[in-house]
Amino acid sequence: MSKNTLILGLQWGDEGKGKIVDALAENSEAVCRFQGGHNAGHTLKVDGEQKVLHLVPSGILHPSVHCVLGNGLVLSLPALQKEITELEESGINFTGRFYVSDDCALILPTHIAIDKVRDKSEGIGTTGRGIGPAYEDKVARRAIRFGDLQDLDKLQNRLEKLVDYHNKILVHLYDAEPIPFQDVMDELRNHQSLFQKFHSGTQDLLRSWVKENKKIIFEGAQGSMLDIDHGTYPYVTSSSTTAGGLSTGLGVGPKYLDTILGITKAYTTRVGEGPFATELFDANADQLAKVGHEFGATTGRPRRCGWLDLKALETIVFINSVTTLCITKLDVLDGFTEIQVCVDYDDEQNPIYKTLPGWKQETSGIRHFNDLPQAAQDYIIFIEGVLDCPVGIVSVGPSRDQTIYRA
Ligand code: GDP
Ligand code: IMO
Ligand code: MG
């Protein structure tokens with residue numbers, strides 16, 4: 001792997017980013033997140049044991065790897081505390097290797113209440129984690145930030161005003177229960193130790209690491225089609241999930257990137273509402289969902305399933321400047337006689353498919369590209385031809401070692 005690698009999901013999330021970041025982290029010195037929050041659910045499987053991470057970067061299982069939450073995240077203190085506690089109980093050490101930006105905007109209990117009550121009428125199908133409302137306050141320049149935990153007395157006035165504003169929305173617009181100011185203040189006070197232990201000026205830290213030529217992985221959350229600007233608006237998340245988010249969310253400019261690794265499943269899934277051109281409603285959908293265990297890692301919701309959409313991916317590969325592709329969950333297609341791939345849309349925006357032969361052979365034990373069935377190799381080669389981008393990694397199972405690196 002080259003030096004600094006940005007790893008991004010190219011679809012609607014859940015492409016297997018966590019698995020790939022964990023696998024590549026072995027040869028890196030730091031894994032840094034730059035956007036999103038605990039709406040993410042990244043599943044890692046190592047030595048038969050599964051871990052789902054929401055906020056903590058997917059490098060944490062490697063004891064020597066440093067992990068950073070950059071300024072572009074929105075941070076729920078109880079969610080972070082819960083995740084750290086659980087990981088510490090399983091023997092993972094955070095001291096001296098975990099850093100949280102002072103500039104992260106905080107997710108407050110009122111943000112979560114607004115997100116949940118508002119989604120009932122707006123129907124985006126959010127994760128209900130307060131992500132949208134927290135980013136709204138950041139952009140409106142009234143957010144409480146992680147660094148504000150240093151002096152809670154100084155914060156009191158500003159927080160009172162903000163909670164009052166949130167409660168007006170809850171009570172007057174949504175006829176919902178207000179959240180007492182004291183509850184919000186208590187949540188901050190109860191988690192002040194997170195600030196003392198982990199707060200950091202991560203922009204300066206990243207600059208020094210880049211200057212020292214450390215090998216860094218930048219870990220995207222969600223997927224490019226959920227990007228606030230380039231996704232299927234308004235059915236998107238509220239952050240920049242595409243490559244540009246790295247510069248704003250961590251303070252690392254584009255010239256320090258050596259590889260931009262774009263991850264796509266060998267088919268497509270989506271959780272929540274919104275357009276999905278290649279969505280299936282037949283036995284093929286059931287087979288993808290069943291074999292791929294397509295249930296959300298954060299909310300447990302069933303994921304909608306469909307064929308790979310190369311037309312959409314062409315745009316996404318350009319937006320992100322993807323230099324290398326990674327195809328995950330190839331093994332989920334093992335049982336299909338034929339596989340369809342969207343190569344264009346007709347005048348009514350319906351997908352136009354090309355049908356490719358399946359391979360009807362198990363791939364999960366294969367570790368070398370040339371050992372894959374010919375039809376599986378041809379499927380990968382077809383994808384890289386259309387997208388004009390090399391496929392460097394193929395994943396054939398959830399475990400760290402079920403990964404094929406192509407020379
Ligand atoms: P992320 O949000 O992009 O990190 O992806 P998730 O962890 O939410 O969802 C991916 C799911 O697929 C997880 O359950 C992974 O364990 C699993 N997974 C990842 N790669 C593969 C693969 O190549 N094959 C199979 N069968 N499962 C995979
Ligand atoms: P990872 O990192 C899949 C989706 C939600 C909803 C929309 C907005 O695991 O790939 P939000 O709560 O962010 O305001 O919800 O975005 N969504 C995800 N879908 N994977 C994720 O993260 C997601 N994070 C948000 O389902 O449609
Ligand atoms: Mg996920």
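This report describes the overall fold, the strand pairing, the magnesium site, the salt bridges and three residue environments of one protein.

**Overall dimensions**

The model is predicted. The protein has 407 residues, and its radius of gyration of 21 Å agrees with the value near 22 Å that a compact globule of this length would have. The C-alpha trace spans about 65 × 50 × 40 Å along its principal axes. In secondary structure, the protein contains 12 helices and 19 strands.

Buried residues account for 57% of the 407 residues. The accessible surface comes to about 17,200 Å², and carbon and sulfur atoms contribute 49% of that area. Contacts reach far along the chain: of those between residues at least 6 apart in sequence, 74% join residues at least 24 apart.

**Strand pairing**

Strand E5 (residues 66–69) pairs with E2 in the parallel sense, over four bridges. Within this pairing, Val31 has Cys67 of E5 as its bridge partner. E5 is also joined to strand E7 (residues 98–101) by three bridges, and these two strands run parallel as well. Here Leu69 is matched with Val100 in E7. E5 is thus a strand with parallel pairings to both E2 and E7.

**Magnesium site**

Which protein atoms are the donors of the magnesium ion (ligand 3)? They are Asp14 (OD) and Gly41 (O), at 2.0 to 2.2 Å from the ion. Asp14 lies in the loop between strand E1 (5–9) and helix H1 (17–25), while Gly41 lies in the loop between strand E2 (30–33) and strand E3 (42–46), so the two donors tie together parts that are 27 residues apart in sequence. Gly41 has 11% relative accessibility and therefore counts as buried, the limit being under 20%.

**Salt bridges**

Side chains of opposite charge can pair when their charged atoms come close. The model holds 18 salt bridges. The table lists three of them, with the distance between N and O atoms.

| Acidic residue | Basic residue | N to O distance |
|---|---|---|
| Glu49 | Lys51 | 3.0 Å |
| Asp137 | Arg142 | 2.6 Å |
| Glu294 | Lys329 | 3.0 Å |

In the bridge between Glu49 and Lys51, the acidic partner Glu49 is partly exposed, with a relative accessible area of 48%. Lys51 is buried at 16% relative accessibility. For the bridge between Asp137 and Arg142, Asp137 is buried at 2% relative accessibility, whereas Arg142 is partly exposed at 30%.

The bridge between Glu294 and Lys329 links distant parts of the chain, its two residues being 35 apart in sequence. Glu294 sits in the loop between helix H10 (283–291) and strand E13 (304–306), and Lys329 in the loop between strand E15 (324–328) and strand E16 (338–345). Glu294 is buried, at 1% relative accessibility. Through shared salt-bridge partners, Asp14, Lys265, Glu294, Arg303 and Lys329 form one network. Asp14 therefore appears both in this network and among the donors of the magnesium ion, in the pair that ties separate loops together.

**Three residue environments**

Is Ile216 buried or exposed? Ile216 is buried, with a relative accessible area of 0%. Its place is in strand E10 (residues 216–219). Beyond residues up to four places away in sequence, Ile216 touches Lys3, Asn4, Thr5, Ala30, Cys32, Leu206, Trp209 and Val210. Among these contacts of Ile216 are Ala30 and Cys32, and E2 covers residues 30–33. Ile216 is 147 residues from Leu69 in sequence, and their C-alpha atoms are 13 Å apart in space.

His111 belongs to helix H3 (residues 109–122). This histidine is buried, with a relative accessible area of 2%. Neighbours within four places in sequence aside, His111 is in contact with Leu106, Gly130, Pro133, Ala134, Asp137 and His166. Asp137, one of these contacts, is also the salt-bridge partner of Arg142.

Glu279 lies in the loop between strand E12 (268–270) and H10. At 17% relative accessibility, Glu279 counts as buried, since the limit is under 20%. Apart from residues up to four places away in sequence, Glu279 touches Arg304, Cys305 and Gly306. These contacts of Glu279 fall in strand E13, which covers 304–306.

Conventions
Residues are numbered from 1 along each chain as its sequence is written. Chains are lettered from A and ligands numbered from 1 in the order in which they are written. This is a predicted model: local features need pLDDT of at least 70, side-chain atom pairs count only at pLDDT 80 or more; totals for chains, interfaces and linings use all residues. Side-chain values use heavy atoms; hydrogens and water are left out. Donors are N, O and S atoms within 2.8 Å of the metal (3.2 Å for Na, K and Ca); water is not among the atoms, so sites may look incomplete. Buried means under 20% relative accessible area, exposed over 50%, partly exposed in between (1.4 Å probe, protein chains only). Two strands pair if DSSP finds at least two bridges between them. A salt bridge is a side-chain nitrogen of Lys or Arg within 4 Å of a carboxyl oxygen of Asp or Glu. The radius of gyration is taken over C-alpha atoms; the globule rule is 2.2 Å times the number of residues to the power 0.38. Contact means heavy atoms within 4.5 Å. Accessible areas come from the Shrake-Rupley method with a 1.4 Å probe; for residues, only the protein chains shown count as cover.
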